[in-house]
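Welcome, and do keep the viewer open as you read. Here is a short walk through some features worth finding on screen.

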Number of protein chains: 2
Amino acid sequence: MPDSTPTFDDILAAAARIAPHAHTTPVLHSRELDAMAGCTLLFKAEPLQRGGAFKFRGACNAVWALSDEAARRGVVTHSSGNHGAALALAAHTRGIACHVVAPDGAVATKLAAIARYGAVLHRCEANTAAREAACARLQTDTGASLVHPFTDPYVMAGQGTAVLELHNAQGPLDTVITPVGGGGLLAGSAIAMATLAPDCAVFGAEPQGADDAARSLAAGERLPDFVPDTICDGLRTPVGVPNFAVLQRHKVQVLVADDRETIAAMRLVWQCLKLVVEPSSAVALAVLLKHRERFAGQRVGLVLSGGNVDLDALPWSHT
Amino acid sequence: MPDSTPTFDDILAAAARIAPHAHTTPVLHSRELDAMAGCTLLFKAEPLQRGGAFKFRGACNAVWALSDEAARRGVVTHSSGNHGAALALAAHTRGIACHVVAPDGAVATKLAAIARYGAVLHRCEANTAAREAACARLQTDTGASLVHPFTDPYVMAGQGTAVLELHNAQGPLDTVITPVGGGGLLAGSAIAMATLAPDCAVFGAEPQGADDAARSLAAGERLPDFVPDTICDGLRTPVGVPNFAVLQRHKVQVLVADDRETIAAMRLVWQCLKLVVEPSSAVALAVLLKHRERFAGQRVGLVLSGGNVDLDALPWSHT
């Protein structure tokens, strides 16, 4: 695989590579939600993936693509969220070391999950320079391979396997919608659908308080400098450089919803699909309902990306 | 089928009859829960069944077993809970009328679901005599067939298809645990497992505040007179006469958990399996964790029966 961007064949290879370790997640459907949306909604239920999020797909692909020699030196990343936990779990499936650099102030339950999967936690100050320095030091000291949460091509290819499964189970689809933060899932999905169903539109769903992908596509250049303000803790990252290039190349569009709309959509998913999803997942349904006239009568695939949410702090009361 | 008790063949017939209408629900698994329980737990995810509960299986079997002539006159039941909604939905799949007698004071969201599936609601006073009188009057007036929520043999046979699927997907199992209220699911499961895997133990899980099945089995006679006091709104009914006979015949044991234990188990299911379950489902995991030494090292199948819960009134705060 080239350094930068995976191909459709890389996604097929990823699907084969992760098959012994990852779940083929079910596709859920609700006539009630269809009636509200005015179209047919097919939800890929990634909260039921190992680790509770699609992130395991990419991490698992990256871990198992390593040579035996590289694998022996372990992997390292700087994510205190679902990618950190997914990489820890993926490393565990291969029996190799995993180092996770977590900034001060990271969510305690997510750190606990990372530790439970057997990774070594390294704390650092909560800024990009400190995180990158800590990661670089660990790479030097241990020889571990960096697995970036969304720019790594093996990660991107792995994330593309979710819509591959969705297409194989429920295709043809008129539209696919996934959340977009760093853009690993959205770029992988765009690459997959461009070959599987070139006429299928691919949309990203982004919180208004971190809408850099939407603004960047409109401006024709990447605009990574912003201060995120959204409940969607998995989507506060600016879209990555190779990810943005993929979105441009494949004419991906990005739609935006505010947190109030996302929380309402999250509640609908819990109620109608009986699936625990986090806000970063629900934004996909939120943009669909907000722009329902664009999707009237279509078959729409949505990737519900993860379900790692704090049950003691449910946001219904903010709606 | 005889009037009273279905056979294993009736369960196979039910599986074939409902196949075009019901979902084959997934089986979920969590290494974290396995570690807590000290055994392998395989969860049949009936909240993902149509209507959000296993009840659709039995209702669908009863509706589609009717002759065309009987079907034309519709069906009637007296359940304001998941069975009422399931029968409404099942009647809808056959395009026939459904009457549901609902006592004053029934939960508004469940009544709304029954109405949404197209059934005619008939209100009555909240006592057994009033419900039965209203049902009998509707049968006389319309010729509709009564579909009892748990003593109807077609209902019992339909409920048995959940563990049939679980066994086929994940067997062999050492133990199967299902919740028990009226006993349709538990009796159907006992009949199914007696043929599929005679050495597999079958347990019922019952809330302490409605533990008539446990007390009845201990006494050797049905003890239906009690005032239920439990958060498990689906399990407040005394076990039915034919259901009790099946439990005795197949040496089913019933274990009990209190509501505090059930709420803690419900929270674990939401967190580890990402599945929205109602308290009446979670009691199965609650009794397993309470009596974990009995199941050490086993492969245990649990039926998570439904997920129709009021998201505005989550009970964590009572734990």
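## A salt bridge across the sequence

A good place to begin is A:Glu165, which forms a salt bridge with A:Lys44; their closest N and O atoms are 2.6 Å apart. A:Glu165 sits in helix H9 (residues 161-170) of chain A and A:Lys44 in strand E2 (residues 40-45) of chain A, so this pair ties together parts that are 121 residues apart in sequence. Over all chains, the structure holds 24 salt bridges. Please bear in mind that this is a predicted model.

## The annotated domain

For chain A, an unreviewed UniProt entry lists residues 19-306 as "domain: Tryptophan synthase beta chain-like PALP". Across residues 19-306 of chain A, the chain is 47% helix and 16% strand. The C-alpha atoms at the two ends of that stretch are 19 Å apart.

## Two helices packing in chain A

Two packed helices are described by the angle between their axes and the distance between the axes. In chain A, helix H1 (residues 8-18) packs with helix H3 (residues 55-65) at an angle of about 85°, and their axes are 9 Å apart. H1(A) and H3(A) are therefore roughly perpendicular to each other.

If you would like to display the contact, select A:Ala14, A:Arg17 and A:Ile18 from H1(A), then A:Arg57, A:Cys60, A:Asn61, A:Trp64 and A:Ala65 from H3(A). Sorted by class, the contact of H1(A) with H3(A) has 5 nonpolar, 1 polar and 2 charged residues.

## Another helix pair, in chain B

Now over to chain B, where helix H3 (residues 55-65) and helix H5 (residues 82-94) pack at an angle of about 45°, with axes 8 Å apart. That angle makes H3(B) oblique to H5(B). The crossing of H3(B) and H5(B) is right-handed.

On the H3(B) side, the contact residues are B:Lys55, B:Phe56, B:Ala59, B:Cys60, B:Val63 and B:Trp64. They meet residues of H5(B) that include B:Asn82, B:His83, B:Leu87, B:Leu89 and B:Arg94. By class, the contact of H3(B) with H5(B) has 10 nonpolar, 3 polar and 2 charged residues.

## Backbone spots to check

Most residues other than glycine have a negative phi, and most peptide bonds are trans. Where do you find a cis peptide bond in chain A? Look from A:Gly171 to A:Pro172, where omega is near 0°. A:Pro172 is in the loop between H9 and strand E7 (175-179) of chain A. In chain B, the peptide bond from B:Gly171 to B:Pro172 is cis, with omega near 0°, and B:Pro172 lies in the loop between helix H9 (161-170) and strand E7 (175-179) of chain B.

One more stop is A:Lys251, a residue other than glycine with a positive phi, near 55°. You will find A:Lys251 in the loop between helix H12 (241-249) and strand E9 (253-257) of chain A.

Conventions: Residues are numbered from 1 along each chain as its sequence is written. Chains are lettered from A and ligands numbered from 1 in the order in which they are written. This is a predicted model: local features need pLDDT of at least 70, side-chain atom pairs count only at pLDDT 80 or more; totals for chains, interfaces and linings use all residues. Side-chain values use heavy atoms; hydrogens and water are left out. UniProt positions are given in the numbering used here, feature names are shortened, and annotations may be inferred rather than shown by experiment. Helices (H or I, at least four residues) and strands (E, at least two) are DSSP runs, numbered from the N terminus. Axes are lines fitted to C-alpha atoms, for helices over the stretch in contact, and angles run from 0 to 180 degrees between N-to-C directions. Angles under 35 degrees count as roughly parallel, over 145 as roughly antiparallel, 65 to 115 as roughly perpendicular and the rest as oblique. A crossing is left-handed if the near helix is turned anticlockwise from the far one by less than a right angle, and right-handed if clockwise. Contact means heavy atoms within 4.5 Å. Ala, Val, Leu, Ile, Met, Phe, Trp, Tyr, Cys and Pro count as nonpolar, Asp, Glu, Lys and Arg as charged, and the others, Gly among them, as polar. A salt bridge is a side-chain nitrogen of Lys or Arg within 4 Å of a carboxyl oxygen of Asp or Glu.
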